[in-house]
Amino acid sequence: MRIFLTILITVFLVLAALLIAALIHTLCIPKKFSDYKPNPDKKRAETYAGKLSRMVAYDTTSHQGMHDREKFLGFHRLLEELFPLVHQKLEKTEIEGNLLFKWEGRNHDRPIVLMSHQDVVPAEGEWIHDPFSGDIADGKVWGRGASDTKCSVMGFFQAAEELLAEGYVPEQDIYLSSSCTEEWAGDGCPKLVEELKRRGVRPYLVCDEGGGIITDPIGGIKGNFAMVGVFEKGKADVQFTAKGNGGHASAPSPGSPIARLAAFENSVEKHNPFRVKMLPEVSAMFRTLGPYANFGLRYLFENLWLFQGLLTRLMPAISAQGAAMLRTTIAFTMQSGSDAVNVIPQEASVSANMRFIPHQGMEESLEIIRKRAEKYGLSMSVLYQSDYTKPIDIHGDAFRMVQDVIAQTFDGMAGNPYVMTGATDARFYQEICDNVIRFAPVIYGPEQMRGMHGVNENIEYSCLPGCVDFYKNLIRAQK
């Protein structure tokens, strides 16, 4: 017993010493502040806002399963008017409304692709400015697509336009890629990828939307931070169905279909079946953000060697976005049952959206949730599924180059690895490219984040010069 107590006391003293050392280390480092704000040439910002305004004013709404080539050909004519040199000097390929431009460089072994989509989601609800007005007011461009993602399309077209006007010839081939089916996960981008495969092109780097310069990315961290998406979580739409005998609601029996569905949903919410793990990309993100956090978070982030397990458990209370980077998620979104209030349904169902993390991918996650559903007498059907994408090497040359360009363009700002919890067209390029990032070089504050797929979408046009400069600097960085 005496030996056991001695060992226990020794372990306690060692841990206490480590904690004190970590606390002293953290307290001795002054907190940094991310105070980056765009300080653009006002004339440039207004010029770019005018171009983006006209692009927003052209309605490019897309709908599930519908191809409207003529609509997008009209948008292409607008692009030709706004960016004449791109259309005069670059090789243009149009495939059913999807665009691919080739800008031939001096070399062809490490081409890059700059991409973002033309289409937008439907605009519903009551807007301050008409969703297809393209109004310029209060320092912002208003309308559907202003931030998601015609700002990026404008940015890389304008970057190419300005470099062409200078007579610049890139060191490597540059491709400008833009699909018109991204918002419904359509076949537009896959067709562009197939065209590049036909030509034998294997890009060195692909830069799409997804991340961005995010304001206050996690609770307790204030300022603007470059969040660079390094991979996407997988995705599935699933439906759970419960069957019973039905009957009149005046004489209910226990275990009705809706009651079993509710019990299943409650069990998943209260006893999450998916394993939490901090991936290397997420650890790197927290370490980079650590110096900018408030004391409590900073202490945790800068001492992950000690507190990684604790942080994974605390993250759901700190940030839903941060928690989604640590495990597979499931969100129940649609439910159906009886058509009458006084009728117990013979069949009821609930649909859910799942997002898969690499340490518990598509097959394992689906099997886990299927087994949980079976405990409540439910059947499960998968309506759509795709697994997570391969991460870019965050220690590799391509990622470091992107970080250098971010620092060059945005006053030394660090490029933080970031796990994309949504889905983009970039995943289709994973087949032919090892270095696919998701980063739109514009500022997304809380207002812009709410506006994406919501009402009153807008972008502050003061950040547009930085957007154009990022793409110019990325083109110039090729070797």
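These questions and answers walk through a predicted model.

Visitor: How many of the 10 residues of helix 8 are buried?
Guide: Helix 8 covers residues 280-289. Its buried residues are Glu281, Val282, Ser283, Ala284, Met285, Phe286 and Leu289. The helix is therefore largely enclosed by the rest of the structure, and the buried count is seven of the 10.

Visitor: What covers the buried residues of helix 8?
Guide: The cover comes from both helices and strands. Among the helices are helix 9 (295-301) and helix 10 (304-318). The strands include strand 8 (224-232) and strand 15 (415-420).

Visitor: Which kind of aromatic pair do Tyr36 and Phe410 form?
Guide: The structure holds 17 aromatic pairs. In this one, the ring centres are 5.6 Å apart and the planes stand at 80°. Planes over 60 degrees apart count as edge-to-face, so the angle decides the class. Tyr36 and Phe410 are edge-to-face.

Visitor: How many residues apart are Tyr36 and Phe410?
Guide: Tyr36 sits in the loop between helix 1 (2-28) and helix 2 (42-57). Phe410 sits in the loop between helix 13 (397-409) and strand 15. Both residues are buried. The pair links distant parts of the chain, 374 residues apart.

Visitor: Which residues form one aromatic cluster with Tyr36 and Phe410?
Guide: The cluster holds Phe and Tyr residues. Besides Tyr36 and Phe410, the members are Phe83, Phe101, Phe156, Phe157, Phe439, Phe470 and Tyr471.

Visitor: What distance should the 14 residues of helix 3 span?
Guide: Helix 3 runs over residues 69-82. The rise is 1.5 Å a residue, and the expected span uses one less than the number of residues. The end C-alpha atoms are 20 Å apart, which agrees with the expected 20 Å.

Visitor: What do the buried residues of helix 3 pack against?
Guide: Buried residues of helix 3 include Phe72, Leu73, Phe75 and Leu79. On the strand side, the partners are strand 1 (91-95) and strand 2 (98-103). The helix partners are helix 2, helix 4 (84-89) and helix 5 (150-165).

Visitor: Which strands are the edge strands of the open sheet in the order 11-13-9-14?
Guide: Four strands form this sheet, with antiparallel pairing. An edge strand pairs on one side only. The edges are strand 11 (329-336) and strand 14 (378-386).

Visitor: Which residue in strand 13 stands opposite Ala331?
Guide: Strand 11 pairs with strand 13 (residues 347-356) over seven bridges. The sense is antiparallel. Opposite Ala331 stands Asn353.

Terms used:
Residues are numbered from 1 along each chain as its sequence is written. This is a predicted model: local features need pLDDT of at least 70, side-chain atom pairs count only at pLDDT 80 or more; totals for chains, interfaces and linings use all residues. Side-chain values use heavy atoms; hydrogens and water are left out. Buried means under 20% relative accessible area, exposed over 50%, partly exposed in between (1.4 Å probe, protein chains only). Helices (H or I, at least four residues) and strands (E, at least two) are DSSP runs, numbered from the N terminus. Contact means heavy atoms within 4.5 Å. Rings of Phe, Tyr and Trp (its six-membered ring) pair if their centres lie within 6.5 Å; planes under 30 degrees apart count as stacked, over 60 as edge-to-face and the rest as tilted. Two strands pair if DSSP finds at least two bridges between them.
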